Amino acid sequence: MKFPDVFLISIDCLRPDHVGAFNRLSRLTPNLDRIISRGTVFTQAMSHAPFTTPAVTSMLAGRYPFQTGVRLLLGQLCDNNLGTIAEAARLAGYATAGFPSSFILNSPTGLSSGFDEYRDIEDGNLTNRGGCWQYGDPLNQSLDAFLTRAGKDPVFSWLHYFDLHEYHQDQSAPAHTTYARDLHQRVDAGCIASLFRILESHDRLDRSAFIFTADHGECLFQHGVRGHGQHLYNSVLHVPLAIVWPGEMQAGRYRHDLARHVDLLPTLLDLWNIESIERFDGLPGRSLLQVEDAGSASTTSYAEASPRQLFDGNASEVRRFEGAEIQSLQNTNHKLIQTQRGERELFDLRVDPGECRNLLGSDDGTAESIANRLSCELDALSESEQGGYASSSDAPPESKLVRERLRDLGYV
Ligand SMILES: [Zn+2]
């Protein structure tokens, strides 16, 4: 077989600092760490939205939310011709299967495009809290059945585990405790260990390629809030990313250049030797097979959030974003956050990774000029496509049922 089997594993709201491969002080994820040690770790990986659907869509379609048209928790790819990772996998000759675990990622989003099999989450089907999402076990069982059907064919599978979200519902202990416990027990010793047992039983564990990441991070009271979706600080945009690819990605290597979810599709096109075709034209990402100088500020990562359904947090630190569309652009050195109303914040990520000290408003002309430059880049980026700030308000309002389900997910 020319290419290895590929498993794209995304874990909802997983913070990199809780994964041992990213933080040696963490002992929560031995199963994940063992496989990640076979590949390359990207310490500066970024998501493009602070909540699931737009973040996952940008990851799979290789384009920013204003380019995919999926900017809210419920959305649909704006163009059926946008290429996705699954379509690239199919072109490369793989049997493809997608296993989302929440109804917000079901096939009406358009994310099923390119998958031979796509397992929608239906009401009442082994779900938690009224059909919102499904635990990893039934996903893994479906993967097991898919691998059996695939026989010896090369496979590409995407699995999105939602199990860590459960900690939102547990008020019995502080959030730090329930988050760490659920990561260790439900995710690492649960979904991930079970996934690896299944792959081993199909003799597909040792020679496979893996991409591990999260759709977005999670605030455990950074900036005074818990959860995700209230702002664009890196506590929700910084994600774990590791690529295990025998013969292509160096084992045990740590890379500190900026890596983005939009880079995954170009990277896979590169790894699969897929020549440029129309539906993959104009992708904003770059292949991660090329290493960029970690000090280079030329690569930027964009993110956005809409206030449409979130921002009900009462933390005073994020109330200033309430009601405004917000966008951010960062390079390895600096990050600009700006709102539709014109408010701006600039952070020096080299000395202030926690984004606690806004450099603007301190009579520092240098900060002002850096912010202006990033702001120009940001405007040029979003104006080059349809949309910009306005289009997220074009989406229809959610139904009462959907609002209830979103509330069960911990969102509204
Ligand atoms: Zn999510």
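**Close-up 1. Strands β1 and β7 side by side in a predicted model.** In this predicted model, strand β1 (residues 6-11) and strand β7 (residues 155-161) run parallel and are joined by six bridges. To pick out one of those pairings, start at Val 6: its bridge partner in β7 is Phe 156. Zoom out and both strands turn up in an open sheet of eight strands, ordered β4-β3-β7-β1-β8-β11-β2-β12. The pairing in that sheet is mixed. At its edges sit β4 (117-118) and β12 (253-260), each of which pairs on one side only. As background, strands of a sheet pair through backbone hydrogen bonds, and they do it either parallel or antiparallel.

**Close-up 2. Leu 8 and its surroundings.** Leu 8 is part of strand β1. Is Leu 8 buried or exposed? It has 23 C-beta neighbours inside 10 Å, and the bar for buried is 20 or more, so Leu 8 counts as buried. Skip the neighbours within four places in sequence, and Leu 8 is in contact with Ile 85, Trp 158 and Ile 211. Phe 210 is worth finding here too: Leu 8 and Phe 210 are 202 residues apart along the chain, yet their C-alpha atoms are separated by 5.9 Å.

**Close-up 3. Helix α2 in its surroundings.** How many of the ten residues of helix α2 (residues 52-61) are buried? Ten of the ten, so α2 is largely enclosed by the rest of the structure. Going along the helix, the buried residues are Thr 52, Thr 53, Pro 54, Ala 55, Val 56, Thr 57, Ser 58, Met 59, Leu 60 and Ala 61. What do they pack against? The partners are strands β1 and β7 together with helices α3 (65-68), α4 (85-91) and α8 (264-271). Right after α2 comes Gly 62, with a positive phi near 70°.

**Close-up 4. Helices α5 and α6 packed together.** Two packed helices are described by the angle between their axes and the distance between the axes. For helix α5 (residues 136-150) and helix α6 (residues 175-201), the axes come within 9 Å and cross at roughly 15°. Angles under 35 degrees count as roughly parallel, and α5 and α6 are therefore roughly parallel to each other. The crossing of α5 past α6 is right-handed. On the α5 side, the residues are Gly 136, Asp 137, Asn 140, Leu 143 and Asp 144, and they meet Gly 190, Cys 191, Ser 194, Leu 195 and Ile 198 of α6. Sorted by character, the residues of this contact come out as four nonpolar, four polar and two charged.

**Close-up 5. The four-stranded sheet with helix α10 on it.** Strands β13, β14, β15 and β16 form an open sheet in that order, with antiparallel pairing. Which strands stand at the edges? They are β13 (301-305) and β16 (344-348); each has a single partner strand, so one side of each is left without a neighbour in the sheet. On average, neighbouring strands of this sheet are turned by 15° against each other, direction ignored. Inside the sheet, β14 (residues 326-330) and β15 (residues 334-339) run antiparallel, joined by five bridges. Ser 328, for one, has Ile 337 in β15 as its bridge partner. Helix α10 packs on this sheet and touches β13, β14, β15 and β16, its direction making about 65° with that of β15.

**Close-up 6. Asn 372 on helix α10.** Asn 372 lies in α10, which spans residues 365-383. Asn 372 has 13 C-beta neighbours inside 10 Å, so it counts as partly exposed. Look for Leu 346 as well: Asn 372 and Leu 346 are 26 residues apart in sequence and 10.0 Å apart in space, C-alpha to C-alpha.

**Close-up 7. Two loop residues with positive phi.** Most residues other than glycine have a negative phi. Phe 221 is not a glycine, but its phi is positive, at about 75°. You'll find Phe 221 in the loop between β9 (219-220) and β10 (226-227). With 13 other C-beta atoms within 10 Å, Phe 221 is partly exposed. Asn 273, also not a glycine, has a positive phi near 55°. Asn 273 belongs to the loop between α8 and β13. Is Asn 273 buried or exposed? With 9 other C-beta atoms within 10 Å, Asn 273 is exposed.

Technical notes
Residues numbered from 1 in each chain as written. Predicted model: local features only at pLDDT ≥ 70, side-chain atom pairs only at ≥ 80, totals over all residues. Axes fitted to C-alpha atoms, helices over the stretch in contact; angles between N-to-C directions. Parallel < 35°, antiparallel > 145°, perpendicular 65-115°, else oblique. Left-handed = near helix turned anticlockwise from the far one by under 90°. Contact = placed C-beta atoms within 7 Å. Nonpolar A, V, L, I, M, F, W, Y, C, P; charged D, E, K, R; others polar. Buried ≥ 20, exposed ≤ 12 C-beta atoms within 10 Å, placed from the backbone. Pairing = 2+ DSSP bridges.
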